[in-house]
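Student: Could we work through this model together, going from its strands to its cavities and then to its aromatic rings?
Tutor: Gladly; here is the structure, and we can take one topic at a time.

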Amino acid sequence: MKQWQTSYQQARLEELLPDGRVRCHLSPRNCTMREGQDGACKVRGVRDGRLVTMNYSKSVHPTQETIETEAVNHFSPGAAILSCGNIGCMMSCSYCHNWRTSQAKHVLDSDIYQMTPEDAVEICLRRNLKVISFTYNDPVVWHEWVVDTARLAKEAGIVTLYKSAFYISSRAIDELIPHIDIFSISLKSLDPHYYKKYTGGRLEPVLEGIKQVHASGRHLELSTLMITDISDNEETAKKVSNWVLRELGSTIPVHFVRFHPDFRMRNTVRTPVHRIERAREIAIAAGVEHVYLGNVYDTKFSNTYCNQCGTELVKRYGLNAQVLALDEQGHCTQCGKDAHFKSIGLRQPTAASKSAGAIAGKHCCFEWHGDVRSLHVHLVNPTDQWLSGWYRSRRAGGPAGGWNEVKMKPGESWRFIIAKSALDDVGPEIVVPEEMTTNLHEVFDRAHFPTVRIEDAPFGGDVTPFPMYQGRTIEASAS
C-alpha cells in the first residue's frame with residue numbers, strides 16, 4: 001500500500017445498507033462496497049463501516065495558469081487562475097492525458113502535494129489570483145475538498161471554476177452549484193458506444209448533468225476532444241452542435257479540441273488541424289454562435305469576432321488573450337451586439353517588472369519545439385528569506401521582452417505557466433538566485449499536468465509526454 005492511501009476521512013453522499021454494505025452516490029456508478037473495499041475510482045472506499053475519501057487535501061502541485069487553459073473563453077479573457085488538481089477519476093479514458101494521476105494505481109507518493117482548503121485560498125489572496133480552478137485529472141472524485149474550498153473561496157470573493165468530464169450524480173451537482181461560478185465540461189461524444197468503449201462510463205448521465213448546470217444559470221462552456229480517426233469527423237461535429245442548439249441554445253461556447261497520443265492510445269498521430277476546422281465550420285453553419293479550436297496555435301479561430309459587424313473582440317495566441325473591443329457588459333464596442341461574455345474586468349495580478357537587460361543569477365533558456373508551446377516552471381525557495389525569480393520571452397531576430405518578477409516567500413514551492421505569446425517568440429529565459437532551484441516541465445496541450453521534469457525525461461519529443469504508459473495499447477478506430 002502506498003503512503004497516500006493510509007489516511008482518509010468521512011465522505012459525503014453515502015448510503016448505509018441493511019446488510020452492512022455502503023453505497024456511494026457521488027457518481028452514476030453508485031458503487032456498493034463492503035468493509036475494506038474501494039470503489040471504481042480507487043480513492044473512495046469503506047473503512048470502519050462508513051464511506052471515506054482517501055484524497056482529501058491530497059493534490060498535485062497548484063499552478064498559476066490562465067483561464068484559457070480550462071477551455072473557458074467567455075469569462076474574463078486572460079484572467080490569471082490558480083489551477084488545482086488531485087488524484088483518481090470516475091472514468092478510465094483510454095487516451096487520458098493525465099493518466100499518471102487520474103488512474104489511482106499509477107499515482108506515486110512523490111506526486112502528492114498536501115494542500116488544505118485554507119492553503120488554496122491563502123495562495124489566491126497572497127498572489128492576487130481572482131479565480132480558482134478545480135481541474136486536471138477531474139474534480140468529481142475530490143468532491144468534499146472542492147465543496148469546502150469553493151465555499152471558502154466564495155466567501156473571500158474568489159471566482160470558482162470546475163473543469164470536468166462530469167461523470168457525476170445529480171445529488172452531487174446540487175451540492176456544487178451554490179459554490180461554483182463557471183463550469184467547463186468535456187462532452188466527449190454523442191455516441192453511447194464511444195463512452196462505453198473508450199471512457200468506461202455512460203453518456204446519458206453526462207448529458208443530464210450538463211442540462212442541470214445550464215438550468216442553474218451558471219456560466220457554461222463545452223469542449224469536445226477530437227480524437228484522430230475516432231471522433232474527428234463531421235458526424236461528431238453535427239451531433240454535438242445539434243444537441244447544444246436543441247438543449248442549451250446557440251450562445252453556449254463550444255470548443256473542438258486537438259488530441260495528442262497518450263496512455264493506451266499512442267499508436268496514432270495528433271488530430272489533423274483541417275478536421276477540427278471542418279468541425280467548426282459545421283457548428284457555425286448549424287447556428288452555434290461561438291466556436292473555437294483548442295490546442296491549436298497560429299489560427300484565427302482562437303479569437304472572438306462580433307457576429308454582427310465582424311470586429312475582432314478578443315485576440316488570442318495560445319493561452320494568452322487580449323481584450324480589444326468589449327465593454328464591461330460583454331458587448332461589442334463597435335455595434336453594441338451582445339457577445340455573451342461575463343466578468344470582463346477581473347483585476348489581474350500586479351507583477352513587478354524590469355526593462356530588458358541583464359539580471360544576476362542562474363540563467364536557463366527553453367526553446368519552444370514542435371507542438372510544445374507552453375511550460376510549467378517550478379521554483380523552490382529553500383531559505384528563510386524572501387527571494388525573487390525572473391522570466392522573460394525571447395524573440396527571433398529581435399530584442400527580448402521585459403523581465404517579470406515572481407516573489408517567493410521563505411520555504412515556498414511554486415509553479416506557474418509560461419506560454420508562447422507570438423509567432424516570433426522562441427522561448428523563455430528564466431533567472432533565479434543561486435539559493436533557489438528551478439525545474440521545467442513541458443506541457444502537452446492545455447489540460448495536461450506534467451509530472452516529470454524535462455531534466456529527467458530520456459528524450460525531448462513533442463508527440464507524447466514522458467512518462468509513457470508501458471502497458472497494453474489499443475488501436476485508434478471508430479468501430
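Tutor: Before counting anything, note that two strands are taken as paired if DSSP finds at least two bridges between them, and keep in mind that this is a predicted model.

Student: How many bridges join strand S18 to S19, and in which sense do they run?
Tutor: Strand S18 covers residues 312–317, and its run relative to S19 is antiparallel. One point of register is Val314, which stands opposite Val323 in S19. The number of bridges that join S18 to S19 is four.

Student: Which strands stand at the edges of the open sheet that holds S17, S18 and S19?
Tutor: The sheet is an open one of three strands, with antiparallel pairing and the order S17-S18-S19. Each edge strand has a single partner strand, so one side of each is left without a neighbour in the sheet. The strands at the edges are S17 (304–305) and S19 (320–323).

Student: In the open sheet of S2, S3 and S4, which strands are left with one side without a neighbour, and why?
Tutor: Here too three strands form an open antiparallel sheet, in the order S2-S3-S4. Three bridges join S2 to strand S3 (residues 22–24), and Glu15 has Arg23 in S3 as its bridge partner. One side is left without a neighbour because each edge strand has a single partner strand, and these strands are S2 (14–16) and S4 (32–33).

Student: Over how many bridges do S22 and S25 pair?
Tutor: Strand S22 spans residues 374–380, and seven bridges join it to S27 in the antiparallel sense. Along S27, Ser374 stands opposite Val443, while His378 has Asn439 as its bridge partner. Towards S25 the pairing of S22 is antiparallel as well, with Val377 opposite Phe416. The number of bridges between S22 and S25 is seven.

Student: How many of the seven residues of S22 are buried?
Tutor: Buried is taken here as under 20% relative accessible area. Strand S27 (residues 437–443) is mostly covered, with five of its seven residues buried. Strand S22 is also mostly covered, and its number of buried residues is six.

Student: Is Leu423 buried or exposed?
Tutor: Leu423 lies in the loop between strand S25 (413–419) and strand S26 (425–432). Leaving aside residues up to four places away in sequence, it touches Asp298 and Tyr317; Leu423 and Tyr317 are 106 residues apart in sequence, yet their C-alpha atoms are 8.6 Å apart in space. Because the relative accessibility of Leu423 is 63%, it counts as exposed.

Student: What is the volume of the largest cavity, and which strand gives the most to its lining?
Tutor: A search of the whole structure finds four cavities of 30 Å³ or more, and the largest has a volume of about 440 Å³. Of the 27 residues that line it, the closest to its centre are Tyr136, Lys163, Ser186, Lys188 and Ala447, and by class the lining has eleven nonpolar, eleven polar and five charged residues. The elements that give two or more residues to this lining are strand S12 (159–164), strand S14 (219–226) and strand S15 (254–258). The strand that gives the most, with three residues, is S14.

Student: How do the residues that line the second largest cavity divide by class?
Tutor: The second largest cavity holds about 100 Å³ of space. Its lining includes His97, Trp99, Asp262, His448 and Phe466. The division by class is five nonpolar, five polar and two charged.

Student: Which residue joins Trp99 and Phe263 in a cluster of ring pairs?
Tutor: The count of aromatic pairs comes to 14, and Trp99 and Phe263 form a stacked one, at 5.5 Å centre to centre with 10° between the planes. This pair links distant parts of the chain, since Trp99 is in helix H1 (residues 99–102) and Phe263 is in the loop between S15 and helix H8 (273–286), 164 residues apart. Both Trp99 and Phe263 are buried. The residue linked with them into a cluster by ring pairs is Tyr469.

Methods. Residues numbered from 1 in each chain as written. Predicted model: local features only at pLDDT ≥ 70, side-chain atom pairs only at ≥ 80, totals over all residues. Heavy atoms only, no water. 1 Å grid on protein atoms, 1.4 Å probe; cavity = no way out; pocket = protein on both sides within 12 Å on 5 of 7 lines; lining within 4 Å. Points joined across faces, edges and corners; volume = space filled by probe spheres on them. Nonpolar A, V, L, I, M, F, W, Y, C, P; charged D, E, K, R; others polar. Buried < 20%, exposed > 50% of the residue type's maximum accessible area, 1.4 Å probe, protein only. Contact = heavy atoms within 4.5 Å. Phe/Tyr/Trp six-rings, centres within 6.5 Å; stacked < 30°, edge-to-face > 60°.
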